[in-house]
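Biologist: Before we begin, I would like to go through this model term by term, asking what each label rests on. Could you take me through the reasoning as we go?

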Amino acid sequence: MLKRKYANEEVDVLIIGAGAAGGVLAKELAEANLKVVVLEAGPFRDPQKDFASDELSMKRLGWEDTRLVAGKNPLTMGHNNSGRGVGGGTVHFTGVFLRFQDIDFRARTMDGVAWDWPISYEDLEPYYTQIEQEIAVSGPKHFPWGHFHGPYPYPERHPLSPNADLFMNGCEKLGIQATPTPLAILSAPYDGRPPCINRGFCNQGCMPNAKFSTLIHHIPKAMKAGAEVLADCMVTQILLDQDDKVRGVTFVHDGITYEQSARIVILSAYAIESPRLLLHSATTQYPQGLANTSGWVGKGLMTHSSHDVYAKFADEVRLYKGTPVLASTLDFYRTDASRGFVRGYTIHAHGVRPVAMAQGLARTHGLWGEKLQQVMLDYNFYGRLTMVGEVLPQVHNSVTLADEVDEYGIPRARVSFSYSTNDERVIQHGVATMSTILEAAGGKVEYVVDDTAHLMGGCRMGEDPEDSVVDGYCQSHDHPNLFICDASVFVTSGAGNPTNTVMAIALRTAEYIKKHIRSGQLPSQTV
(Lines give C-alpha, C1' and ligand atoms only; values in the text may rest on other atoms or scores of the structure.)
Protein backbone atom coordinates (compact mmCIF):
# COMPACT_ATOMS: atom_id res chain seq x y z
CA MET A 1 0.00 0.00 0.00
CA LEU A 2 1.35 3.41 -0.99
CA LYS A 3 2.01 5.77 1.91
CA ARG A 4 0.59 9.21 1.13
CA LYS A 5 0.81 12.34 3.20
CA TYR A 6 -2.14 13.97 1.44
CA ALA A 7 -4.28 10.87 0.75
CA ASN A 8 -7.53 12.45 1.91
CA GLU A 9 -6.69 16.08 1.30
CA GLU A 10 -6.87 18.50 -1.58
CA VAL A 11 -3.37 19.85 -2.19
CA ASP A 12 -2.53 23.23 -3.68
CA VAL A 13 -0.55 21.88 -6.63
CA LEU A 14 -0.25 18.45 -8.22
CA ILE A 15 2.63 18.01 -10.68
CA ILE A 16 2.69 15.12 -13.16
CA GLY A 17 6.31 14.32 -14.00
CA ALA A 18 9.54 15.01 -12.13
CA GLY A 19 11.83 15.96 -14.99
CA ALA A 20 13.43 19.24 -16.04
CA ALA A 21 10.24 21.28 -15.65
CA GLY A 22 8.54 19.29 -12.89
CA GLY A 23 11.56 19.51 -10.61
CA VAL A 24 11.82 23.31 -10.92
CA LEU A 25 8.08 23.73 -10.34
CA ALA A 26 8.09 21.43 -7.30
CA LYS A 27 10.96 23.28 -5.62
CA GLU A 28 9.66 26.77 -6.30
CA LEU A 29 6.07 26.07 -5.26
CA ALA A 30 6.98 24.01 -2.18
CA GLU A 31 9.35 26.73 -1.00
CA ALA A 32 6.41 29.14 -1.30
CA ASN A 33 4.68 27.07 1.40
CA LEU A 34 2.20 25.49 -0.97
CA LYS A 35 1.13 21.88 -0.50
CA VAL A 36 2.72 20.08 -3.44
CA VAL A 37 2.48 16.48 -4.65
CA VAL A 38 4.62 15.18 -7.52
CA LEU A 39 3.63 11.98 -9.32
CA GLU A 40 6.37 10.28 -11.35
CA ALA A 41 5.79 7.20 -13.50
CA GLY A 42 9.32 5.88 -13.00
CA PRO A 43 11.47 5.01 -10.00
CA PHE A 44 13.33 7.18 -7.49
CA ARG A 45 16.98 6.24 -8.07
CA ASP A 46 20.10 6.66 -5.96
CA PRO A 47 23.01 7.61 -8.26
CA GLN A 48 25.55 5.75 -6.16
CA LYS A 49 23.50 2.56 -6.03
CA ASP A 50 21.40 2.54 -9.19
CA PHE A 51 23.68 4.00 -11.87
CA ALA A 52 26.26 1.89 -13.64
CA SER A 53 29.07 2.68 -16.06
CA ASP A 54 27.37 0.49 -18.62
CA GLU A 55 25.66 1.61 -21.83
CA LEU A 56 23.14 -1.18 -22.17
CA SER A 57 21.90 -1.37 -18.59
CA MET A 58 21.45 2.40 -18.37
CA LYS A 59 19.09 2.52 -21.33
CA ARG A 60 16.41 1.99 -18.71
CA LEU A 61 16.82 5.66 -17.77
CA GLY A 62 14.77 6.40 -20.90
CA TRP A 63 11.07 5.74 -21.46
CA GLU A 64 11.14 2.21 -22.86
CA ASP A 65 7.39 1.54 -23.05
CA THR A 66 6.18 0.68 -26.53
CA ARG A 67 5.33 3.62 -28.75
CA LEU A 68 4.14 3.12 -32.31
CA VAL A 69 5.98 5.19 -34.94
CA ALA A 70 4.99 6.26 -38.43
CA GLY A 71 5.74 8.85 -41.10
CA LYS A 72 8.38 9.26 -43.79
CA ASN A 73 11.11 9.56 -41.14
CA PRO A 74 9.83 7.53 -38.17
CA LEU A 75 11.57 8.44 -34.93
CA THR A 76 13.62 6.07 -32.82
CA MET A 77 12.05 6.34 -29.37
CA GLY A 78 13.72 5.72 -26.03
CA HIS A 79 16.90 6.73 -24.26
CA ASN A 80 18.02 9.43 -26.69
CA ASN A 81 14.86 11.53 -26.44
CA SER A 82 13.01 10.72 -23.22
CA GLY A 83 13.40 9.96 -19.54
CA ARG A 84 11.60 7.80 -17.03
CA GLY A 85 12.14 8.21 -13.31
CA VAL A 86 12.66 11.09 -10.93
CA GLY A 87 14.88 13.55 -12.78
CA GLY A 88 13.50 12.58 -16.19
CA GLY A 89 15.83 13.23 -19.09
CA THR A 90 18.14 15.42 -16.99
CA VAL A 91 19.50 12.23 -15.43
CA HIS A 92 21.06 11.10 -18.71
CA PHE A 93 21.43 14.24 -20.85
CA THR A 94 24.86 15.50 -21.91
CA GLY A 95 24.58 18.62 -19.75
CA VAL A 96 24.70 21.03 -22.72
CA PHE A 97 23.05 24.22 -21.46
CA LEU A 98 22.40 26.73 -24.21
CA ARG A 99 19.91 29.57 -24.21
CA PHE A 100 17.52 30.03 -27.11
CA GLN A 101 18.14 33.21 -29.11
CA ASP A 102 15.79 36.04 -30.05
CA ILE A 103 15.13 34.54 -33.49
CA ASP A 104 13.82 31.35 -31.89
CA PHE A 105 10.79 33.23 -30.57
CA ARG A 106 10.11 35.15 -33.81
CA ALA A 107 10.26 32.64 -36.66
CA ARG A 108 7.21 34.03 -38.44
CA THR A 109 8.29 37.66 -38.12
CA MET A 110 11.90 37.11 -39.11
CA ASP A 111 11.73 34.24 -41.60
CA GLY A 112 8.07 33.86 -42.57
CA VAL A 113 7.80 30.29 -41.26
CA ALA A 114 6.03 28.56 -38.38
CA TRP A 115 4.62 30.91 -35.73
CA ASP A 116 5.92 33.48 -33.26
CA TRP A 117 5.92 32.54 -29.60
CA PRO A 118 3.67 34.62 -27.33
CA ILE A 119 6.78 35.34 -25.24
CA SER A 120 10.16 36.78 -26.18
CA TYR A 121 13.78 36.16 -25.32
CA GLU A 122 13.59 39.21 -23.05
CA ASP A 123 10.71 37.60 -21.13
CA LEU A 124 12.86 34.55 -20.36
CA GLU A 125 16.22 36.28 -19.89
CA PRO A 126 16.01 36.77 -16.09
CA TYR A 127 14.90 33.17 -15.66
CA TYR A 128 17.79 31.88 -17.77
CA THR A 129 20.13 33.83 -15.53
CA GLN A 130 18.53 32.57 -12.32
CA ILE A 131 18.61 28.93 -13.42
CA GLU A 132 22.24 29.15 -14.57
CA GLN A 133 23.31 30.70 -11.29
CA GLU A 134 21.31 28.27 -9.18
CA ILE A 135 22.90 25.18 -10.71
CA ALA A 136 26.33 26.74 -11.35
CA VAL A 137 26.58 26.35 -15.11
CA SER A 138 30.17 26.32 -16.36
CA GLY A 139 31.06 28.08 -19.58
CA PRO A 140 33.55 30.20 -21.54
CA LYS A 141 34.56 33.69 -20.48
CA HIS A 142 33.08 35.00 -23.71
CA PHE A 143 30.23 33.35 -25.60
CA PRO A 144 30.14 34.83 -29.13
CA TRP A 145 26.52 34.22 -30.13
CA GLY A 146 23.08 35.46 -29.13
CA HIS A 147 22.39 38.12 -26.49
CA PHE A 148 24.21 36.58 -23.53
CA HIS A 149 27.98 36.65 -23.88
CA GLY A 150 28.95 35.58 -20.38
CA PRO A 151 30.52 35.23 -17.99
CA TYR A 152 28.92 32.03 -16.72
CA PRO A 153 28.72 31.36 -12.97
CA TYR A 154 31.57 28.82 -13.13
CA PRO A 155 34.57 28.74 -15.51
CA GLU A 156 34.67 26.48 -18.55
CA ARG A 157 35.65 22.85 -18.24
CA HIS A 158 39.31 21.88 -18.76
CA PRO A 159 41.03 19.99 -20.21
CA LEU A 160 39.20 19.50 -23.50
CA SER A 161 38.90 15.98 -24.85
CA PRO A 162 40.95 14.97 -27.91
CA ASN A 163 37.72 15.01 -29.95
CA ALA A 164 36.99 18.58 -28.84
CA ASP A 165 40.59 19.60 -29.56
CA LEU A 166 40.50 18.33 -33.13
CA PHE A 167 37.16 20.07 -33.64
CA MET A 168 38.56 23.37 -32.37
CA ASN A 169 41.61 22.96 -34.63
CA GLY A 170 39.47 22.22 -37.67
CA CYS A 171 37.25 25.23 -36.99
CA GLU A 172 40.25 27.51 -36.55
CA LYS A 173 41.68 26.50 -39.93
CA LEU A 174 38.35 27.27 -41.60
CA GLY A 175 37.72 30.57 -39.82
CA ILE A 176 34.73 29.15 -37.90
CA GLN A 177 34.20 30.42 -34.36
CA ALA A 178 34.15 27.66 -31.74
CA THR A 179 34.19 27.73 -27.93
CA PRO A 180 34.03 25.39 -24.97
CA THR A 181 30.39 24.47 -24.45
CA PRO A 182 28.23 25.86 -21.61
CA LEU A 183 27.49 22.86 -19.42
CA ALA A 184 25.38 22.03 -16.39
CA ILE A 185 28.40 20.13 -15.14
CA LEU A 186 30.54 21.47 -12.32
CA SER A 187 34.06 22.71 -12.99
CA ALA A 188 34.59 23.30 -9.24
CA PRO A 189 32.87 22.09 -6.04
CA TYR A 190 29.36 23.41 -5.45
CA ASP A 191 26.51 22.73 -3.02
CA GLY A 192 28.18 19.64 -1.58
CA ARG A 193 28.85 18.18 -5.03
CA PRO A 194 32.29 17.49 -6.54
CA PRO A 195 33.65 18.82 -9.84
CA CYS A 196 33.67 16.62 -12.92
CA ILE A 197 36.52 14.10 -13.15
CA ASN A 198 35.90 13.24 -16.81
CA ARG A 199 34.50 9.76 -16.31
CA GLY A 200 32.50 10.34 -19.49
CA PHE A 201 29.35 8.44 -18.48
CA CYS A 202 27.05 11.49 -18.55
CA ASN A 203 24.51 9.68 -20.72
CA GLN A 204 24.44 6.74 -18.32
CA GLY A 205 23.80 8.82 -15.20
CA CYS A 206 26.49 10.68 -13.28
CA MET A 207 27.41 8.63 -10.21
CA PRO A 208 29.58 11.34 -8.53
CA ASN A 209 26.81 13.97 -9.00
CA ALA A 210 29.06 16.44 -10.79
CA LYS A 211 26.44 16.77 -13.52
CA PHE A 212 23.22 18.57 -12.67
CA SER A 213 19.90 16.76 -12.67
CA THR A 214 16.61 17.59 -11.01
CA LEU A 215 16.99 14.23 -9.25
CA ILE A 216 19.92 15.53 -7.18
CA HIS A 217 19.12 19.25 -7.07
CA HIS A 218 15.52 20.45 -7.35
CA ILE A 219 13.67 17.39 -6.05
CA PRO A 220 15.64 17.09 -2.77
CA LYS A 221 15.12 20.81 -2.14
CA ALA A 222 11.42 20.46 -2.92
CA MET A 223 11.09 17.56 -0.48
CA LYS A 224 12.97 19.50 2.19
CA ALA A 225 10.40 22.28 1.75
CA GLY A 226 7.55 19.79 2.26
CA ALA A 227 6.70 18.49 -1.21
CA GLU A 228 5.61 14.86 -1.44
CA VAL A 229 7.24 12.99 -4.34
CA LEU A 230 5.58 9.69 -5.22
CA ALA A 231 7.60 7.52 -7.61
CA ASP A 232 6.40 4.53 -9.67
CA CYS A 233 2.99 6.19 -9.95
CA MET A 234 1.49 6.22 -13.44
CA VAL A 235 -1.18 8.87 -13.91
CA THR A 236 -4.05 7.39 -15.92
CA GLN A 237 -6.64 10.17 -16.02
CA ILE A 238 -7.02 13.88 -15.41
CA LEU A 239 -10.38 14.53 -13.76
CA LEU A 240 -12.74 17.45 -14.37
CA ASP A 241 -15.51 18.91 -12.24
CA GLN A 242 -18.76 20.33 -13.59
CA ASP A 243 -17.28 23.79 -14.05
CA ASP A 244 -14.60 22.69 -16.54
CA LYS A 245 -11.96 22.91 -13.85
CA VAL A 246 -9.53 20.12 -13.16
CA ARG A 247 -10.15 18.53 -9.76
CA GLY A 248 -7.32 15.99 -9.64
CA VAL A 249 -6.08 12.77 -11.18
CA THR A 250 -6.21 9.01 -10.88
CA PHE A 251 -2.95 7.08 -10.80
CA VAL A 252 -1.76 3.51 -10.43
CA HIS A 253 0.90 2.19 -8.06
CA ASP A 254 1.64 -1.54 -7.77
CA GLY A 255 -1.64 -2.38 -9.49
CA ILE A 256 -3.79 -0.27 -7.14
CA THR A 257 -5.62 2.80 -8.40
CA TYR A 258 -5.59 5.96 -6.29
CA GLU A 259 -7.02 9.44 -6.63
CA GLN A 260 -5.41 12.73 -5.69
CA SER A 261 -7.33 16.02 -5.66
CA ALA A 262 -5.69 19.40 -6.20
CA ARG A 263 -6.51 23.05 -6.74
CA ILE A 264 -4.04 23.22 -9.62
CA VAL A 265 -2.72 20.41 -11.82
CA ILE A 266 0.49 20.89 -13.79
CA LEU A 267 1.24 18.41 -16.56
CA SER A 268 5.01 18.09 -17.06
CA ALA A 269 5.24 14.66 -18.65
CA TYR A 270 7.11 15.74 -21.81
CA ALA A 271 6.22 15.89 -25.48
CA ILE A 272 4.75 12.40 -25.93
CA GLU A 273 3.13 11.59 -22.60
CA SER A 274 1.59 15.03 -22.04
CA PRO A 275 -0.48 14.99 -25.25
CA ARG A 276 -1.22 11.30 -24.75
CA LEU A 277 -2.70 11.86 -21.28
CA LEU A 278 -4.74 14.87 -22.41
CA LEU A 279 -6.20 12.93 -25.33
CA HIS A 280 -6.95 9.92 -23.15
CA SER A 281 -8.69 12.10 -20.53
CA ALA A 282 -11.49 12.97 -22.96
CA THR A 283 -14.98 13.45 -21.52
CA THR A 284 -18.47 13.72 -22.98
CA GLN A 285 -18.10 17.48 -22.96
CA TYR A 286 -14.54 17.34 -24.32
CA PRO A 287 -14.55 14.37 -26.70
CA GLN A 288 -11.30 15.45 -28.38
CA GLY A 289 -9.47 15.42 -25.07
CA LEU A 290 -8.76 17.98 -22.38
CA ALA A 291 -7.29 21.40 -23.27
CA ASN A 292 -8.04 20.58 -26.90
CA THR A 293 -10.91 22.71 -28.15
CA SER A 294 -8.37 24.15 -30.60
CA GLY A 295 -7.61 20.66 -31.93
CA TRP A 296 -3.89 21.29 -31.46
CA VAL A 297 -3.09 18.79 -28.71
CA GLY A 298 -0.58 16.34 -30.15
CA LYS A 299 0.11 18.40 -33.28
CA GLY A 300 3.25 20.26 -34.27
CA LEU A 301 5.59 17.67 -32.75
CA MET A 302 9.25 18.53 -33.34
CA THR A 303 12.61 16.92 -32.83
CA HIS A 304 16.13 18.09 -33.66
CA SER A 305 17.98 16.57 -36.57
CA SER A 306 21.06 15.16 -34.88
CA HIS A 307 23.13 13.51 -37.59
CA ASP A 308 26.60 12.29 -36.67
CA VAL A 309 29.67 12.43 -38.89
CA TYR A 310 32.53 10.00 -38.16
CA ALA A 311 36.04 10.54 -39.50
CA LYS A 312 39.05 8.28 -39.06
CA PHE A 313 42.35 9.76 -37.89
CA ALA A 314 45.91 8.49 -37.99
CA ASP A 315 46.33 9.06 -34.26
CA GLU A 316 44.06 7.85 -31.47
CA VAL A 317 41.12 10.07 -30.53
CA ARG A 318 39.36 7.83 -28.00
CA LEU A 319 35.80 9.13 -28.17
CA TYR A 320 35.01 7.82 -24.71
CA LYS A 321 37.34 10.30 -23.02
CA GLY A 322 35.82 13.14 -21.03
CA THR A 323 32.41 14.73 -20.99
CA PRO A 324 30.65 13.90 -24.29
CA VAL A 325 30.29 17.54 -25.41
CA LEU A 326 33.06 19.98 -24.62
CA ALA A 327 33.20 22.31 -27.64
CA SER A 328 30.62 23.79 -30.01
CA THR A 329 29.96 26.31 -32.74
CA LEU A 330 26.78 28.31 -33.32
CA ASP A 331 28.10 30.08 -36.42
CA PHE A 332 25.37 28.43 -38.52
CA TYR A 333 22.49 29.08 -36.12
CA ARG A 334 20.78 31.93 -37.95
CA THR A 335 19.22 32.22 -41.40
CA ASP A 336 21.62 32.94 -44.26
CA ALA A 337 19.72 33.25 -47.55
CA SER A 338 22.73 32.07 -49.56
CA ARG A 339 22.43 28.60 -48.04
CA GLY A 340 19.04 27.89 -49.59
CA PHE A 341 17.07 27.35 -46.38
CA VAL A 342 15.86 29.27 -43.32
CA ARG A 343 16.94 28.84 -39.72
CA GLY A 344 20.03 26.75 -38.92
CA TYR A 345 21.96 24.44 -36.64
CA THR A 346 24.56 24.04 -33.91
CA ILE A 347 27.57 21.71 -34.15
CA HIS A 348 28.98 19.88 -31.13
CA ALA A 349 32.18 17.88 -30.81
CA HIS A 350 30.27 14.93 -29.42
CA GLY A 351 31.96 11.86 -28.00
CA VAL A 352 30.27 8.47 -28.06
CA ARG A 353 30.72 5.11 -26.40
CA PRO A 354 31.33 1.99 -28.47
CA VAL A 355 27.91 0.33 -28.17
CA ALA A 356 26.11 3.48 -29.31
CA MET A 357 28.52 3.91 -32.22
CA ALA A 358 28.06 0.29 -33.31
CA GLN A 359 24.28 0.54 -33.07
CA GLY A 360 24.24 3.70 -35.17
CA LEU A 361 26.40 2.14 -37.87
CA ALA A 362 24.28 -0.99 -37.92
CA ARG A 363 21.03 0.97 -38.14
CA THR A 364 22.09 3.48 -40.81
CA HIS A 365 24.64 1.54 -42.87
CA GLY A 366 23.58 -2.05 -42.34
CA LEU A 367 26.96 -2.98 -40.92
CA TRP A 368 26.84 -6.29 -39.13
CA GLY A 369 28.94 -9.26 -38.18
CA GLU A 370 32.57 -9.31 -39.27
CA LYS A 371 32.40 -5.99 -41.14
CA LEU A 372 31.05 -4.18 -38.07
CA GLN A 373 33.65 -5.89 -35.91
CA GLN A 374 36.46 -4.69 -38.17
CA VAL A 375 35.21 -1.11 -38.02
CA MET A 376 34.83 -1.19 -34.25
CA LEU A 377 38.36 -2.51 -33.79
CA ASP A 378 39.42 0.96 -34.94
CA TYR A 379 36.98 2.73 -32.57
CA ASN A 380 39.81 4.61 -30.86
CA PHE A 381 40.81 6.29 -34.12
CA TYR A 382 37.44 7.89 -34.91
CA GLY A 383 36.43 11.47 -34.24
CA ARG A 384 32.78 12.52 -34.28
CA LEU A 385 30.76 15.69 -34.71
CA THR A 386 27.01 15.99 -34.14
CA MET A 387 24.56 18.64 -35.28
CA VAL A 388 21.51 20.06 -33.55
CA GLY A 389 19.39 21.12 -36.51
CA GLU A 390 16.21 23.14 -36.24
CA VAL A 391 13.11 21.27 -37.40
CA LEU A 392 10.09 23.35 -38.36
CA PRO A 393 6.70 22.50 -36.82
CA GLN A 394 4.21 20.75 -39.10
CA VAL A 395 0.61 19.86 -38.31
CA HIS A 396 0.99 16.27 -39.51
CA ASN A 397 3.94 15.57 -37.19
CA SER A 398 1.85 14.37 -34.32
CA VAL A 399 1.07 12.29 -31.26
CA THR A 400 -2.24 10.44 -31.46
CA LEU A 401 -3.78 7.49 -29.65
CA ALA A 402 -3.33 4.01 -31.12
CA ASP A 403 -5.86 1.17 -30.89
CA GLU A 404 -3.42 -0.90 -28.84
CA VAL A 405 -3.45 -0.28 -25.07
CA ASP A 406 -0.79 -0.67 -22.41
CA GLU A 407 -0.97 -2.46 -19.07
CA TYR A 408 -2.89 0.47 -17.57
CA GLY A 409 -5.55 0.35 -20.26
CA ILE A 410 -4.29 3.60 -21.83
CA PRO A 411 -3.97 3.65 -25.63
CA ARG A 412 -0.34 3.66 -26.67
CA ALA A 413 1.08 6.76 -28.29
CA ARG A 414 1.31 6.76 -32.07
CA VAL A 415 4.11 9.12 -33.10
CA SER A 416 4.19 10.24 -36.72
CA PHE A 417 7.09 12.27 -38.09
CA SER A 418 8.43 13.41 -41.47
CA TYR A 419 11.07 16.00 -42.32
CA SER A 420 10.12 19.00 -44.44
CA THR A 421 12.18 20.10 -47.44
CA ASN A 422 13.69 22.87 -45.33
CA ASP A 423 14.63 20.39 -42.60
CA GLU A 424 16.39 18.20 -45.15
CA ARG A 425 18.36 21.15 -46.51
CA VAL A 426 19.47 22.05 -42.98
CA ILE A 427 20.69 18.48 -42.54
CA GLN A 428 22.55 18.44 -45.85
CA HIS A 429 24.35 21.67 -45.05
CA GLY A 430 25.15 20.58 -41.51
CA VAL A 431 26.59 17.26 -42.62
CA ALA A 432 28.72 18.99 -45.27
CA THR A 433 30.02 21.52 -42.72
CA MET A 434 30.87 18.84 -40.16
CA SER A 435 32.67 16.82 -42.84
CA THR A 436 34.72 19.86 -43.87
CA ILE A 437 35.73 20.56 -40.26
CA LEU A 438 36.82 16.96 -39.67
CA GLU A 439 38.80 16.94 -42.91
CA ALA A 440 40.48 20.23 -41.99
CA ALA A 441 41.50 18.62 -38.71
CA GLY A 442 43.20 15.78 -40.63
CA GLY A 443 40.47 13.15 -40.63
CA LYS A 444 38.97 11.05 -43.41
CA VAL A 445 35.17 11.05 -43.30
CA GLU A 446 33.85 7.49 -43.43
CA TYR A 447 30.30 7.43 -42.02
CA VAL A 448 27.27 9.67 -41.60
CA VAL A 449 24.71 8.32 -39.14
CA ASP A 450 21.12 9.54 -39.29
CA ASP A 451 19.83 10.49 -35.86
CA THR A 452 17.46 12.73 -33.94
CA ALA A 453 17.49 14.12 -30.42
CA HIS A 454 15.12 16.00 -28.12
CA LEU A 455 11.36 16.22 -28.48
CA MET A 456 9.29 19.40 -28.44
CA GLY A 457 5.80 20.56 -29.31
CA GLY A 458 2.39 18.91 -29.14
CA CYS A 459 0.78 21.44 -26.75
CA ARG A 460 2.06 24.68 -28.15
CA MET A 461 1.86 28.14 -26.64
CA GLY A 462 -0.11 30.91 -28.27
CA GLU A 463 -2.22 33.98 -27.66
CA ASP A 464 -5.17 32.70 -29.68
CA PRO A 465 -7.15 29.82 -28.12
CA GLU A 466 -8.23 28.86 -31.63
CA ASP A 467 -4.79 27.62 -32.64
CA SER A 468 -2.89 26.92 -29.43
CA VAL A 469 -3.21 24.89 -26.23
CA VAL A 470 -1.74 27.13 -23.53
CA ASP A 471 -0.93 30.81 -23.10
CA GLY A 472 2.46 32.35 -22.45
CA TYR A 473 2.38 31.22 -18.81
CA CYS A 474 1.58 27.61 -19.76
CA GLN A 475 -2.01 27.99 -18.55
CA SER A 476 -4.60 26.00 -20.50
CA HIS A 477 -6.98 28.11 -22.55
CA ASP A 478 -9.80 25.66 -21.73
CA HIS A 479 -9.29 24.85 -18.06
CA PRO A 480 -7.97 27.71 -15.91
CA ASN A 481 -6.41 25.52 -13.21
CA LEU A 482 -4.65 23.18 -15.64
CA PHE A 483 -1.11 24.05 -16.68
CA ILE A 484 1.03 22.22 -19.22
CA CYS A 485 4.65 23.05 -18.58
CA ASP A 486 7.36 21.12 -20.41
CA ALA A 487 8.90 21.01 -23.88
CA SER A 488 5.52 20.19 -25.38
CA VAL A 489 4.61 23.90 -25.22
CA PHE A 490 7.45 24.89 -27.56
CA VAL A 491 6.27 26.76 -30.66
CA THR A 492 9.51 26.22 -32.58
CA SER A 493 12.45 23.92 -31.85
CA GLY A 494 15.34 26.34 -32.14
CA ALA A 495 18.77 25.10 -33.17
CA GLY A 496 20.16 24.44 -29.72
CA ASN A 497 19.63 22.02 -26.85
CA PRO A 498 16.31 22.81 -25.12
CA THR A 499 16.82 21.99 -21.41
CA ASN A 500 17.75 25.50 -20.29
CA THR A 501 14.65 26.90 -22.01
CA VAL A 502 12.39 24.23 -20.49
CA MET A 503 13.62 25.13 -17.03
CA ALA A 504 13.42 28.90 -17.59
CA ILE A 505 9.80 28.53 -18.75
CA ALA A 506 9.04 26.42 -15.67
CA LEU A 507 10.56 29.03 -13.37
CA ARG A 508 8.49 31.76 -15.01
CA THR A 509 5.33 29.65 -14.71
CA ALA A 510 6.05 28.95 -11.04
CA GLU A 511 6.39 32.68 -10.37
CA TYR A 512 3.06 33.32 -12.11
CA ILE A 513 1.28 30.62 -10.10
CA LYS A 514 2.72 31.87 -6.81
CA LYS A 515 1.59 35.40 -7.60
CA HIS A 516 -2.00 34.44 -8.39
CA ILE A 517 -2.69 31.53 -6.06
CA ARG A 518 -2.21 33.77 -3.06
CA SER A 519 -5.11 35.88 -4.28
CA GLY A 520 -7.38 32.85 -3.97
CA GLN A 521 -7.90 32.13 -7.65
CA LEU A 522 -6.19 32.09 -10.99
CA PRO A 523 -7.38 34.38 -13.76
CA SER A 524 -9.49 32.55 -16.31
CA GLN A 525 -7.61 34.24 -19.11
CA THR A 526 -4.20 35.85 -19.30
CA VAL A 527 -3.25 38.93 -21.24
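Biologist: In which loop does N198 lie?

Modeller: This is a predicted model, and in it N198 lies in the loop between strand 6 (179-180) and helix 6 (218-224). The phi angle of N198 is near 65 degrees, a positive value in a residue other than glycine.

Biologist: Why does N198 count as partly exposed?

Modeller: The relative accessibility of N198 is 24%, and since buried means under 20% and exposed means over 50%, the value falls in between, so N198 counts as partly exposed.

Biologist: What is the phi of D244, and where is that residue found?

Modeller: Phi of D244 is near 70 degrees, again a positive value in a residue other than glycine, and D244 is found in the loop between strand 8 (234-240) and strand 9 (246-253).

Biologist: Why is K27 called buried?

Modeller: K27 has a relative accessible area of 8%, and the cut-off for buried is under 20%, so K27 is buried. This lysine is found in helix 1 (residues 20-30), and, leaving aside its neighbours within four places in sequence, K27 is in contact with E134, H218, K221 and A222.

Biologist: What makes G496 count as buried?

Modeller: Its relative accessibility is 1%, which is set against the limit of under 20%, and therefore G496 counts as buried. G496 lies in the loop between strand 20 (482-484) and helix 11, and its contacts, apart from neighbours within four places in sequence, are L98, F100, H304, Y333, T346 and V388. The C-alpha atoms of G496 and D102 are separated by 12 Å, although these residues are 394 residues apart along the chain.

Biologist: Which peptide bonds are described as cis, and what are their omega values?

Modeller: One cis peptide bond joins G150 and P151, with omega about 0 degrees, and P151 lies in the loop between strand 4 (138-139) and strand 5 (154-155). The peptide bond from H158 to P159 is also cis, with omega near -5 degrees, and P159 has its place in the loop between strand 5 and helix 5 (162-174).

Biologist: How many helices and strands are there, and why is the protein said to be as compact as a globular protein of its length?

Modeller: The protein has 11 helices and 20 strands. Its radius of gyration is 22 Å, and the globule rule gives 24 Å for 527 residues; the two values are close, so the protein is as compact as a globular protein of that length. Along its principal axes the C-alpha trace spans about 70 × 50 × 45 Å, and 63% of the 527 residues count as buried.

Biologist: How many residues does the largest nonpolar core have, and which of them have the most contacts inside it?

Modeller: That core has 163 residues, and I266, L278 and F490 are those with the most contacts inside it. Helix 11 (residues 499-517) gives the most to this core, with 10 residues. Apart from this core lies another, of 5 residues, among them A107, V113, A114 and V342. In soluble globular proteins, nonpolar side chains tend to be buried together.

Biologist: Which residues is I266 in contact with, once its neighbours within four places in sequence are left aside?

Modeller: The contacts of I266 include V13, L14, I15 and I16, together with L25, L29, F483, C485 and I513.

How values were computed:
Residues are numbered from 1 along each chain as its sequence is written. This is a predicted model: local features need pLDDT of at least 70, side-chain atom pairs count only at pLDDT 80 or more; totals for chains, interfaces and linings use all residues. Side-chain values use heavy atoms; hydrogens and water are left out. Helices (H or I, at least four residues) and strands (E, at least two) are DSSP runs, numbered from the N terminus. Buried means under 20% relative accessible area, exposed over 50%, partly exposed in between (1.4 Å probe, protein chains only). Contact means heavy atoms within 4.5 Å. A nonpolar core is a set of buried Ala, Val, Leu, Ile, Met, Phe, Trp, Tyr and Cys residues joined through side-chain atoms within 4.5 Å. The radius of gyration is taken over C-alpha atoms; the globule rule is 2.2 Å times the number of residues to the power 0.38.
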